[in-house]
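Dear colleague,

Please find below the structure that I was asked to pass on to you. I would be grateful if you could keep it open while reading the notes that come after it.

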Amino acid sequence: LNRATTGIALHAGAVISNDRVIILPGQSGSGKSTLTFWLTSQNCSYLTDELIFISLDNPGKVEYFSRPLCLKPGSVHILKEQLTPEQSENVLVDRQGAVIPHRLLNREFKEPQSPPSMIILPSYQPDSKPLLEPISKARLCTLLMGCHVNARNLADHGFTQILEIARSTPAYRLSYANLQDVEHLISHHLPD
């Protein structure tokens, strides 16, 4: 993907909620994998916590590179709250974090047929006040360019396509210190 020239690769998590795709772009350590895992516990289907690829020729065609979900050590405690004992037996946990097979997160998986319908940019900050706010198109473009893995391979660094994503997809910035804050803030924004 670092050499890809036919689309935009974004460092992002992604889930499906009632046939609507939510992407969670962010840098490493932003809390995107933790938020992706939490969303799967709220009846969303797991797509990825690492990378999505949006075709330049067909922006509605998005590929989600599924892999086991990886949690850093600071988020491992939520496994006990979200997984059954039977599921926990299939999770690899050590001092580096946890690796959760994606088959544990999707009871019934179906490939999404639509482009992303919502973007949530997570920001985990241990001492932050919970905040969910709409983000401007201009700010979203800037933040998405920061998550764009293969920009150097594309004409105008893929900015035209990033701008189209920003114009067509509602986006929110989510700051959180714990998952209870997330539940309170995000539940009414998720598709029913």
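The notes below describe a small sheet, a helix that lies across it, and two residues in loops. Please bear in mind that the model is predicted.

I begin with the sheet. As general background, the strands of a sheet pair through backbone hydrogen bonds, either parallel or antiparallel. Here, three strands form an open sheet in the order 6-8-7, and their pairing is antiparallel. Strand 6 (69-71) and strand 7 (92-94) stand at the edges; each has a single partner strand, so one side of each is left without a neighbour in the sheet. On average, neighbouring strands of this sheet are turned by 10 degrees against each other, direction ignored.

Strand 6 pairs with strand 8 (residues 97-100) over three bridges, in the antiparallel sense. Leucine 71 has alanine 98 of strand 8 as its bridge partner. Helix 1 lies across strand 6 and strand 8, and runs at about 120 degrees to strand 6.

Two residues deserve a separate look for their backbone angles. Asparagine 43 is found in the loop between helix 1 (32-41) and strand 3 (45-48). Its phi is near 75 degrees, a positive value in a residue other than glycine. Asparagine 43 has a relative accessible area of 74% and is therefore exposed, the cut-off being over 50%.

Aspartate 156, in the loop between helix 5 (137-145) and helix 6 (159-168), is not a glycine either, yet has a positive phi of about 50 degrees. With a relative accessible area of 39%, aspartate 156 is partly exposed.

With kind regards

How values were computed:
Residues are numbered from 1 along each chain as its sequence is written. This is a predicted model: local features need pLDDT of at least 70, side-chain atom pairs count only at pLDDT 80 or more; totals for chains, interfaces and linings use all residues. Side-chain values use heavy atoms; hydrogens and water are left out. Helices (H or I, at least four residues) and strands (E, at least two) are DSSP runs, numbered from the N terminus. Buried means under 20% relative accessible area, exposed over 50%, partly exposed in between (1.4 Å probe, protein chains only). Two strands pair if DSSP finds at least two bridges between them. Axes are lines fitted to C-alpha atoms, for helices over the stretch in contact, and angles run from 0 to 180 degrees between N-to-C directions. Contact means heavy atoms within 4.5 Å.
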